[in-house]
Amino acid sequence: MPSSTGRSEPNHVLEFPGGYTRSVGPVVGRFLSELRDGRLVGVRTAEGRVLVPPSEHDPDTGEDVTGEFVEVGPAGTVTTWSWVPRPAKGHPLDRPFAWALVRPDGADTALLHALDVGVFEEGAKPPRFLKTGMRVRPRWRAERNGGIGDIECFQPEVTMVNAPTRLEYSLKGGKALQRFLEGISQGKILGHRCPVCEQVIVPMKGLCPRDGVPTTEEVELPDTGTVTTFAVNNIPDPRAPEVPFVSAYVLLDGAGLTMLTLVAGIPADQVRMGMRVKAAWRPREEWEPSMGNIKWFEPLDEPDVPFDEIKDYT
Amino acid sequence: MTREIAVIAFAQTRHSAEDEGLAEIEMLAPIITEVKQKTGLKQFGFTCSGSCDYLAGAPFSFVSALDAVGAWPPISESHVEMDAAWALYEAWVRLLHGDIDTALVYGFGKSSQGDLRTILTQQLDPYHLAPLGIDAVSLAALQARAYLERSGTTEDDLRAVAARSRQAGRDNPFALHLPEPEGDEYDVAPLRPYDVAPITDGAAAIVLASGDKARELCERPAWITGIDHRTEPHSPGVRDLTRSESARIAGEKAGAAGVEVAELHAQFSHEELILKEALGLDGGEVAVNPSGGALSANPMMAAGLIRIGEAASRIHDGTATRTLGHASSGPCLQQNLVCVLSGEDHG
Amino acid sequence: MGERCAIIGVGQTAYKSKRLDVSMAGLLREAARRALDDAGLTWKDIDAVVVGKAPDLFEGVMMPETFLADALGAAGKPIMRVHTAGSVGGSTAIVAAGLIQGGVHERVLTIAWEKQSESNATWALTVNSPFTTSLVVGAGGYFAPHIRAYMRRSGAPDHIGTLVAVKDRENALRNPYAHLKIPGISREMVESTPMLWEPIRYLETCPSSDGACAMVLASEDAARKAPAKPAWVHGTSMRSEPMMFAGRDSVSPQGGKDAAADVYRQAGISDPRRELDCAEVYVPFSWYEPMWLENLGFCGEHEGWKLTEAGATALDGDIPWNPSGGVLSSNPIGASGMIRFAEAALQVRGLAGDHQVDGARRALGHAYGGGAQFFAMWIVGSDKP
């Protein structure tokens with residue numbers, strides 16, 4: 001198990017490759033298109049209010065808005081604000097700045113954006129001139145792509161924006177799994193025997209999912225077992241040696257339930273239900289606390305187990 | 001349809017500010033065992049949980065949690081991708097049908113595994129808000145500013161809320177024990193670090209029972225006399241941030257008036273003040289967050305359920321007769337649930 | 001089961017691989033508005049909203065009902081979000097019906113959806129933590145071994161899956177909302193497509209769709225005022241079991257049997273094949289039709305494939321399954337369960353159009369999810385229960 005990593009080194013990243021592809025529909029799309037042209041527009045509701053940013057519906061009633069788009073601002077009034085003395089990684093500015101709700105002139109609702117009020121040292125207190133009621137204007141980007149970021153930020157009036165989806169985590173597998181992987185790092189397959197159903201659960205979870213009771217009795221299982229059922233996969237996977245590859249449920253000898261694993265060392269079309277298999281371990285010097293230590297399971301030169309004896313494990 | 005339904009057991013973890021290396025099910029299993037032992041129940045008529053995939057960084061976080069329950073023979077079960085207070089609401093509705101008489105509710109979250117404020121950015125409108133990268137604390141601070149300016153409340157008043165919450169939290173064995181608020185540095189102004197609920201890992205479970213079953217299994221059941229939840233528009237620019245209209249309606253429907261104890265799921269100091277106003281609790285006779293509240297322990301997806309559990313515990317232990325538990329979800333108190341409990345048995 | 005609950009409105013979007021013409025709010029509002037129109041109601045008539053969808057990673061928005069709340073007319077109202085994996089569309093309808101049956105509300109809007117085109121289904125379903133100990137490659141990779149086990153146990157001939165794939169796609173040609181429409185679909189065509197996860201062929205799998213499905217559920221009082229004929233809920237049931245444990249039957253899970261027994265008991269049904277007129281059952285891979293025929297008690301063990309082979313489940317058979325074309329023809333994952341429930345309601349209302357089963361009076365809606373471990377079912381009828 002890798003030691004606890006700091007935030008700087010996540011061991012798990014949730015990031016959809018290439019970014020989400022978000023269709024925006026006609027109303028949001030119009031707003032963003034106008035933004036790209038350097039204009040700020042709102043949409044009028046049936047009751048006559050102008051919503052900025054526009055939505056497809058009146059947020060109070062749920063009714064459709066009218067199709068009438070109204071150019072607003074671009075100047076507007078700050079209705080409230082907060083101050084970020086130490087900007088975080090995803091923030092739009094890398095020096096202290098304000099978040100503000102800005103009601104553009106001619107609009108009845110406010111738009112959220114960053115407000116740049118000048119250069120400050122990290123950790124600075126909010127400047128005194130930063131106030132609700134302050135008049136502000138957008139700072140447009142020269143290159144605009146049709147996103148809320150086409151406005152770089154707002155700035156005070158007188159003196160002077162593909163979705164980010166990367167989240168970083170430091171995950172721990174839990175005590176039971178940690179112990180299981182510790183075993184794997186020493187070439188041992190560990191399970192727990194449930195005190196109620198007396199079956200061996202592998203990998204163990206510290207409890208029996210069926211009986212809902214804690215399990216502690218450790219049992220070492222051999223690395224041999226029987227294929228109960230399997231799929232022949234024709235879709236490539238980085239974890240598999242080649243296409244086609246076989247993913248199989250293997251019932252380790254002595255285990256109460258099967259594990260899903262790779263089977264190799266035999267042509268895919270010769271894998272059978274009931275086939276006896278043994279773990280193929282990576283060279284000892286490559287072992288780490290990971291299931292990756294077992295490359296796959298390979299056929300043993302033993303007779304197949306009759307289906308009747310394994311059918312209750314499928 | 002009316003039916004007497006009560007909270008009859010509550011258990012929570014000793015919440016932690018750091019990742020203690022436990023998997024979610026390892027956190028959860030002992031407290032499920034605890035409520036089973038407290039009630040003597042092994043099976044429940046219905047089970048409902050609350051959790052969030054984004055906290056774990058992977059889909060289906062609730063699926064493995066089921067392993068902690070002992071779902072065999074198969075159980076009647078549901079899950080909300082919300083704070084478990086809403087799971088309790090779903091279970092309450094299910095009990096109203098009259099054909100079952102017990103329900104298990106649980107929620108769990110490990111906020112320590114990622115950067116919670118950035119994760120919460122993913123909850124925002126993906127066209128106008130999330131692309132800005134605004135985080136949950138920055139948004140809350142906007143609401144705080146708006147509230148301070150409208151109400152004339154000061155930053156010192158916020159500090160007082162934090163001080164009282166932390167003091168109470170130090171007397172609660174399950175909460176984090178946090179020091180007196182100090183320092184002048186802002187987190188996101190006008191909020192200082194102590195105005196922001198701490199990152200917390202934890203889980204909680206509640207058992208509900210109806211009528212005579214509740215009386216049989218619990219000496220002093222906490223009867224649910226009213227429960228309601230409401231939402232309001234999402235965008236912070238289209239609503240009055242200085243008031244919580246959704247909490248006001250939910251409080252009115254649930255009958256919040258006249259409670260002795262209120263456990264409010266305020267994740268920022270100013271939220272407590274906004275909620276007290278919305279629920280009509282600003283008179284001063286109501287004990288607010290005697291547990292220390294979310295400002296002392298805020299395990300995401302369980303913290304709202306814990307408020308209901310704490311409010312019920314004050315009835316179970318006989319120290320109060322009428323209490324309130326509140327849960328919140330979404331940016332700037334967008335969605336609110338109010339549950340009013342009573343020790344008076346009209347059965 | 002408390003107060004009576006009626007389905008007075010059904011609305012669906014067109015299901016497509018990419019609905020690039022709408023935002024998420026636009027997609028949901030398209031289905032919701034059609035359901036409201038069917039019920040003769042407006043947004044303000046709705047008391048509460050219940051939303052369901054599968055994992056948030058599909059669209060990359062955490063708890064998206066938060067930002068969609070007002071787009072669904074929920075300002076000042078209760079809104080809830082259900083998530084029970086692939087069964088979620090069914091569970092969501094059951095939670096919404098529960099609000100009526102518990103006497104809490106008069107009119108509830110329920111909606112389930114997925115906009116899979118915003119990312120990629122295989123990615124969103126199988127983001128693995130660094131400690132993963134098993135190897136699953138997509139949903140097909142998970143279910144293929146169980147299908148193989150079914151074939152071995154039942155002795156079903158290899159071509160049964162092909163028959164289901166053809167039958168459901170033929171039905172889809174009659175459904176204006178269906179995603180996959182393959183004119184001239186035939187056994188030869190299905191058998192000419194490659195094995196993705198043997199024994200599953202390409203045309204034996206469900207597509208990835210964008211789409212939403214909505215219903216308006218109502219109390220008996222409110223149903224009286226509805227302009228069109230309602231359907232009535234005769235029973236609902238949910239069951240869950242752990243994914244892996246010693247002694248689990250993954251081919252015919254106990255949870256499915258128990259949920260079916262429960263919902264039949266509520267509806268007073270002892271012989272589902274005879275007493276139900278049609279069924280919309282969650283069949284994402286063709287072989288799940290014979291597997292669920294057995295699990296749901298439409299026939300004895302190892303007999304399901306014989307019903308399929310004999311044409312009993314065809315639109316003109318004695319117990320039509322998936323007259324809409326089913327999940328094999330449209331699969332916005334989070335919505336797929338609700339589509340089954342809603343199509344069952346349309347059948348008993350007599351409003352299923354070209355795929356109407358003549359004279360249908362009682363129908364089953366079914367959904368399952370996870371490792372075939374979460375089940376949600378309802379039975380609806382044209383008469384009050």
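**Group meeting: sheets, interfaces and helix packing**

Okay, let's start with one pair of residues: A:Arg44 has A:Val50, in strand E3 of chain A, as its bridge partner. Before I go on, keep in mind that what you're looking at is a predicted model.

So where does that pair sit? A:Arg44 belongs to strand E2 of chain A, residues 41-44, and E2(A) is joined to E3(A) by two bridges, with the strands running antiparallel. Zoom out a little and you get an open sheet of three strands in chain A, ordered E3-E2-E4, with antiparallel pairing. Strand E3 (50-51) and strand E4 (69-71) are the edge strands there, and each pairs on one side only.

Staying with E4(A) for a second, follow the chain onwards. The loop between E4 and strand E5 (76-84) of chain A holds A:Pro74, and the peptide bond into that proline, from A:Gly73, is cis, with omega near 5°.

Now, chain A has another open sheet of three strands, in the order E12-E11-E13, and the pairing is antiparallel here too. Which strands are at the edges of this one? Strand E12 (200-201) and strand E13 (217-221) of chain A: each has a single partner strand, so each has one side without a neighbour in the sheet. If you want to look at the E11-E12 pairing, strand E11 of chain A covers residues 189-193 and pairs with E12(A) in the antiparallel sense over two bridges. Put your cursor on A:Arg193 and you'll find A:Val200 of E12(A) opposite.

Next up, pairing between chains. Strand E14 of chain A, residues 224-233, pairs with E5(C), antiparallel again, over two bridges. Here A:Val232 stands opposite C:Glu198 in E5(C).

That takes us to the contact between chains C and A, with 50 residues from chain C and 54 residues from chain A. On the chain C side, the elements giving two or more residues are helix H1 (24-39), helix H5 (138-154) and strand E5 (195-198). Which element gives the largest share of that side? That's H5(C), with eight residues. By class, the chain C side splits into 26 nonpolar, 13 polar and 11 charged residues.

Chain C also touches chain B, and that contact takes 46 residues from chain B and 49 residues from chain C. From chain B, the contributors of two or more residues are helix H2 (53-56), strand E3 (77-80), helix H4 (84-96), strand E6 (222-231) and helix H9 (245-254). H4(B) gives the largest share of the chain B side, at five residues. The breakdown on that side is 23 nonpolar, 12 polar and 11 charged.

One word on annotation while we're on chain C. UniProt, in an unreviewed entry, lists residues 248-379 of chain C as "domain: Thiolase C-terminal". In the model, that span is 38% helix and 13% strand, and its end C-alpha atoms lie 27 Å apart.

Let's go inside chain B now, and look at what packs on helix H10. H10(B) is residues 269-279, and H9(B) packs on it at an angle of about 45°, with the axes 8 Å apart. At that angle the two helices count as oblique. The crossing of H9(B) past H10(B) is right-handed. The meeting residues are B:Ala247, B:Arg248 and B:Gly251 from H9(B), and B:Leu275, B:Ala278 and B:Leu279 from H10(B). That contact comes out as four nonpolar residues, one polar and one charged.

H10(B) has helix H6 of chain B to deal with as well: H6(B) is residues 136-151, and the axes of H6(B) and H10(B) come within 9 Å and cross at roughly 50°. So that pair is oblique too. What's the handedness of this crossing? H6(B) passes H10(B) in a left-handed crossing. Here B:Gln143, B:Ala144 and B:Tyr147 in H6(B) meet B:His270, B:Leu273 and B:Ile274 in H10(B). Four of the residues in that contact are nonpolar and two are polar, with no charged ones.

Last stop, two backbone details in chain B. B:Phe60, in the loop between H2 and H3, has phi near 65°, a positive value in a residue other than glycine. Then, in the loop between helix H3 (61-65) and E3 of chain B, you reach B:Pro73. The bond joining B:Trp72 to B:Pro73 is a cis peptide, with omega about -5°.

Definitions and conventions. Residues numbered from 1 in each chain as written. Chains lettered and ligands numbered in written order. Predicted model: local features only at pLDDT ≥ 70, side-chain atom pairs only at ≥ 80, totals over all residues. Pairing = 2+ DSSP bridges. Helix = DSSP H or I, 4+ residues; strand = E, 2+ residues; numbered from the N terminus. UniProt positions renumbered as here; feature names shortened; annotations may be inferred. Contact = placed C-beta atoms within 7 Å. Nonpolar A, V, L, I, M, F, W, Y, C, P; charged D, E, K, R; others polar. Axes fitted to C-alpha atoms, helices over the stretch in contact; angles between N-to-C directions. Parallel < 35°, antiparallel > 145°, perpendicular 65-115°, else oblique. Left-handed = near helix turned anticlockwise from the far one by under 90°.
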